[in-house]
Amino acid sequence: MKAIGIDIGTTTISSVVLDTDKEVTLEARTVENGSFFQTEHEWERIQDVQVILKKALDLTDELLEHFPGAEVIGLTGQMHGIVYVNREGKHISPLYTWQDGRGNLPGEDGRTLTEQVLHKTGVSAATGYGLITHLYNIRHNLVPEGAAALCTIGDYLGMVLTGRTQPLMHVSNAASLGFFDGRSSAFFRDAIQKTGMDLAILPPFTQDFVSLGNYRGIPVICAIGDNQASFLGSVGLRPNVLLLNMGTGGQISALSDRFYEAPGIEARPFVKGKYLLAGSSLCGGRAYAVLERFFRSFSAFTGGEDRSLYGVLADLAEKGRKEKDRMRVCTAFHGTRVNPDLRGSITNLSEDNFTPEGLTYGVLEGMARELYDMYCLMREGTDLKAEALVASGNGLRMNPVLQEICKSMFGADLTLAPYKEEAACGAAVSGTMMTRKETK
């Protein structure tokens, strides 16, 4: 069957047509998201919903024109962030993205909002998680008048496509809002009320892939979280296969039959009673971009041409790989989920290894080590083994040296994800899982 998948990412919006019988992508298109608002607050990361919708709808319509025989539309998009909708099902706010930092702002008592929530309720939730954002907005009178519910951007696209007036979330997206008990697949309702939030703002959710309605006569499936979609499109349901993603951020994911969480490791609801163990590095692929910006700035300062230096970095990384006594670089330039105040560092410096090639290789190794340390935490509480690695995201796809570092560090073979637009393909797969279930 032919299935369409739409992925609303932070930097790009992607669409695919997947032939699930032949397991090939018939068409793939990607456009820049380009919807960030410029605001007066450096911690605020919000996007224009109307800009996103137009691009996503245009991509959908274009694919349907070329593939009128498509049988289902699957959706995914950036998790954690929220859009407010009114009782008519129309958005009345921007998209507060997962990168938004209001949850880490200190309050009158000097503690951040996330710290206050942990102290008062025992619930740990990071800044950028939807209910942390919502709680901040309540306390600062920023919730738009008439807000009846909140949902992710993928959920809202589903509403627009099908004409729904109320969101219906898949459990993977519901859990991404925070204040969610993965063991019982339910919100921590008492904790939510304890903070002063109204439970009525929470949308209903489902643990199955269900139809939201039709768009141009084609069933539209409830949106799945982008982490789960990427795993579904890259790994499927294979055990002991780690998905390493290096894009705007970094992420490691693994399938588990067991609910297990540790500092920085979440057990995210997935499919068929399984969990996706996931850990995220906040800087991820941006660490390499920071390095490139450093070298470019130095080049411009010495009178050089202001041009991309990624080609130069590739040569430096290859040369740095041959060094034995290497500097050690921590790439937590934006902190971590567990410790947002942590910053990057460079250690084991010597007169011989303090070189451009050593720094370049050290940054790549630091990016991989953040994910490897999370794998070690996963391994402590489960029977997980890294028997194989699947790499996704341009930060890994386009960097052979980083691929080699990951293979050596994890002690496993690495292959590239079969589809370039993994999340969009996973969304398409989620749609086929529903339709096949209905035909049994």
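## Exercises on a sheet and a loop residue

In β19, I265 has G279 as its bridge partner. The model is predicted: local features need pLDDT of at least 70, side-chain atom pairs count only at pLDDT 80 or more, and totals for chains, interfaces and linings use all residues. Residues are numbered from 1 along each chain as its sequence is written, and side-chain values use heavy atoms, leaving out hydrogens and water.

**Exercise 1.** Find how many bridges join β18 to β19, and give the direction of the pair.

*Solution.* Strands here are DSSP E runs of at least two residues, helices H or I runs of at least four, numbered from the N terminus. Five bridges join β18 to β19 (residues 275-281). The two strands run antiparallel. Two strands pair if DSSP finds at least two bridges between them.

**Exercise 2.** Give the strand order of the open sheet, then name its edge strands.

*Solution.* The six strands follow the order β18-β19-β17-β16-β22-β23, with mixed pairing. At the edges are β18 (265-269) and β23 (414-416), each pairing on one side only. From one strand to the next, the twist averages 25°. Angles run from 0 to 180 degrees between N-to-C directions; axes are lines fitted to C-alpha atoms, for helices over the stretch in contact.

**Exercise 3.** Place V143 and list its contacts.

*Solution.* Start with the loop: V143 lies between α3 (130-139) and β8 (149-151). Next, contacts (heavy atoms within 4.5 Å): V143 touches Y84, H134, N137 and I138, not counting residues up to four places away in sequence. Finally, the C-alpha atoms of V143 and S93 are separated by 8.4 Å, at 50 residues apart along the chain.
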